[in-house]
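Trainee: I have a structure open here and would like to go through a few of its residues with you. Could we start straight away with a cysteine?

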Amino acid sequence: MTQGLAFLLASLFLFGPTSGTVVPIISGSTTVPWEASEASSWAEGGAVSQPFSNFTGSVNDRGICQCSVSMPDTTFPVVRVERLEFTAHVLSQKFEMELSKVKEYVQLISVYEKKLLNLTVRVEIMEKDSISYTELDFELIKLEVREMEKLIIQLKQSFVGSTEIVNQLEVEIRNMTLLVAKLETLDKNNVLVIRREILALKQKLKECEASKSEHSPLLPPPPAPGNCSHGGVVNISRPSVVQLNWRGFSYKYGAWGRAYSPEHPNETLYWVAALETDGRKLEYYRLYNTFDHLLLYTQNRQSRITYGQGSGTTVYKNNMYVNWYNTGNIARINLTTNVVAVTQYLPNAVYNNRFSYANVAWQDIDFSVDERGLWVIYATEANTGNIVISLLNDTSLEVLNTWVTKQYKSSVSSTFMVCGVLYATRTLNTRAEEIFYYYDTNTGKEGNMAIFMPKMQETVQSINYHPFDQKLYVYNDGYLINYDLVFKQKPK
């Protein structure tokens with residue numbers, strides 16, 4: 001009875017007070033009265049909207065209503081909350097670990113970005129020209145080795161006395177050929193080492209050639225660097241191929257050399273100024289602090305100017321001197337700041353291909369450096385296209401003195417100055433030039449000479465002389481090559 005009463009109270013609480021006919025409601029074994037009207041409405045209309053909805057009920061065939069109520073679980077889920085807190089802690093630790101890794105990766109990426117900067121330009125050039133600088137380096141090395149092979153054959157034929165040294169050199173050169181071939185296929189990072197070995201072999205060849213006959217007189221010792229106590233140029237060495245210019249095969253026009261300053265004569269700054277493919281416009285140049293950097297195309301400083309014209313560029317006292325684009329003006333560019341410090345009109349000089357060198361366009365105005373200072377070689381209408389030589393003030397670019405020659409400029413392939421003497425070259429064939437003419441500004445004398453000058457490619461674009469190492473730096477169809485000069489010894 002107690003259970004029935006409790007259910008009745010629950011029913012009253014759920015459904016409110018009743019009136020009218022009482023209908024019994026069964027809960028377990030207890031019968032509780034309820035109104036028939038409520039029972040009818042439930043039976044006829046189904047579920048009735050009440051304050052609580054978590055119950056179900058039905059009326060059987062005897063009109064008895066049966067229902068069940070599901071009470072909500074009000075217990076607080078402590079275990080779930082603890083588990084959630086633990087999971088959040090673990091995730092926080094993992095996040096901190098991943099964040100520290102990201103910071104390390106950022107530092108590594110910064111380091112590798114700096115390392116990749118030096119490779120960017122080379123990759124761009126290889127993409128444009130479809131060439132590999134490693135392959136080019138090995139091609140140049142093989143070219144030099146072939147030249148040495150030819151020289152050793154000539155040496156064997158003309159050598160007087162014991163041939164043991166010559167035979168030993170021949171074996172070393174043959175071993176060098178095999179080593180280059182092996183390295184080319186296995187390890188392409190030893191170009192610098194191979195070049196040093198080639199230089200050592202070349203030195204041995206020079207020594208052997210100098211002493212090939214016991215009766216042959218030795219070559220005169222070279223004059224002291226920067227010294228003019230000699231009788232002028234009497235011979236020239238075979239060319240030494242340094243490398244292809246950094247911009248590739250397509251850039252056949254330009255100039256290069258070793259920077260010279262009387263205050264710092266042993267400075268090792270090298271410069272390369274490759275013209276655009278039109279052979280006229282000079283826009284970019286590079287500076288290398290050492291010869292090794294030049295060989296490996298590394299640690300360079302590239303700058304842009306707008307614009308120089310032609311291949312007549314030179315460098316003197318940390319300044320680059322150029323013919324300014326589309327004008328008869330000459331300009332001095334400070335290499336430290338890459339700023340045009342001075343521009344000056346060159347009096348009466350023709351320009352824009354009026355009297356350029358033979359086979360080389362846009363070189364009406366050609367700069368040169370020697371022991372005396374900065375020179376410019378050009379032509380004028382008044383001198384009917386013959387060569388004019390002027391000594392310049394290297395700061396203001398004002399003309400200090402001028403000499404007029406009888407040599408037609410457009411019949412000359414290039415020129416250079418040594419100790420105040422102009423030397424001019426002409427083309428003999430695709431493999432040789434000849435130093436055929438000189439003009440001495442010290443005496444005013446001019447004349448002809450005949451010094452055979454072999455070359456690696458067909459066209460010589462420019463020649464620059466360096467007074468300290470007494471070499472000629474020649475830009476030869478995109479290749480950077482140099483020569484040693486031999487001077488006449490003055491009688492004591």
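Trainee: Is Cys-419 buried or exposed?

Mentor: Cys-419 is buried, since its relative accessible area is 5%, where buried means under 20% relative accessible area, exposed means over 50%, and partly exposed is what falls in between (1.4 Å probe, protein chains only). Bear in mind that this is a predicted model, in which local features need pLDDT of at least 70 and side-chain atom pairs count only at pLDDT 80 or more, while totals for chains, interfaces and linings use all residues. Residues are numbered from 1 along each chain as its sequence is written, and side-chain values use heavy atoms, with hydrogens and water left out.

Trainee: Which residue does a disulfide join to Cys-419?

Mentor: The partner is Cys-228, with an S to S distance of 2.1 Å, a disulfide being a pair of cysteine sulfur atoms within 2.5 Å. Cys-228 sits in the loop between α6 (191-210) and β5 (233-236), and Cys-419 in the loop between β18 (414-418) and β19 (421-429), so the link ties together parts that are 191 residues apart in sequence. Helices (H or I, at least four residues) and strands (E, at least two) are DSSP runs, numbered from the N terminus.

Trainee: What is the handedness of that link between Cys-228 and Cys-419?

Mentor: The link is left-handed, with -95 degrees about the S-S bond. The structure holds one disulfide. As for another cysteine, Cys-65 counts as buried at 1% relative accessibility.

Trainee: Next, what does Asp-370 touch?

Mentor: Leaving out residues up to four places away in sequence, Asp-370 touches several residues, among them Cys-419, Trp-375, Tyr-260 and Tyr-465; contact means heavy atoms within 4.5 Å. Asp-370 belongs to strand β14 (residues 366-370).

Trainee: And which side chain of opposite charge is nearest to Asp-370?

Mentor: That is Arg-372, 6.0 Å away, and Asp-370 is buried yet has no salt bridge. A salt bridge here is a side-chain nitrogen of Lys or Arg within 4 Å of a carboxyl oxygen of Asp or Glu, and for charge Lys and Arg count as positive and Asp and Glu as negative, with His and the chain ends not counted. A polar atom of the Asp-370 side chain does, however, lie 2.8 Å from the backbone nitrogen of Arg-372.

Trainee: How many salt bridges are there by this rule?

Mentor: The count comes to eight salt bridges. One of them is between the side chains of Glu-381 and Arg-354, at 2.7 Å, N to O. Glu-381 is in the loop between β15 (373-379) and β16 (386-392) and Arg-354 in the loop between β13 (339-345) and β14, so this pair ties together parts that are 27 residues apart in sequence. Glu-381 is partly exposed at 44% relative accessibility, and Arg-354 is partly exposed with a relative accessible area of 44%.

Trainee: What about Lys-455, which residue does it form a salt bridge with?

Mentor: Lys-455 forms a salt bridge with Glu-433, and the closest N and O atoms are 2.6 Å apart. Lys-455 lies in the loop between β21 (446-454) and β22 (460-466), whereas Glu-433 is in strand β20 (residues 432-440), so to speak 22 residues apart. Both Lys-455 and Glu-433 are buried, with Lys-455 at 4% relative accessibility.Trainee: Which backbone oxygen does the side chain of Lys-455 reach?

Mentor: The side chain reaches the backbone oxygen of Glu-458, at 2.5 Å, and a polar contact is a pair of N or O atoms within 3.5 Å, where within protein one must be able to donate a hydrogen and the other to accept it, and residues adjacent in sequence count only if both atoms are side-chain atoms. Not counting residues up to four places away in sequence, Lys-455 also touches residues including Pro-239, Thr-427, Asn-476 and Tyr-483.

Trainee: Changing topic, where is Val-376?

Mentor: Val-376 is in strand β15, and Val-376 is buried with a relative accessible area of 0%. Residues up to four places away in sequence aside, Val-376 touches Leu-346, Ile-365 and Val-388, among others.

Trainee: Last one, how many helices and strands does the protein chain have?

Mentor: The secondary structure comes to seven helices and 24 strands, and buried residues make up 44% of the 492 residues in the protein chain.
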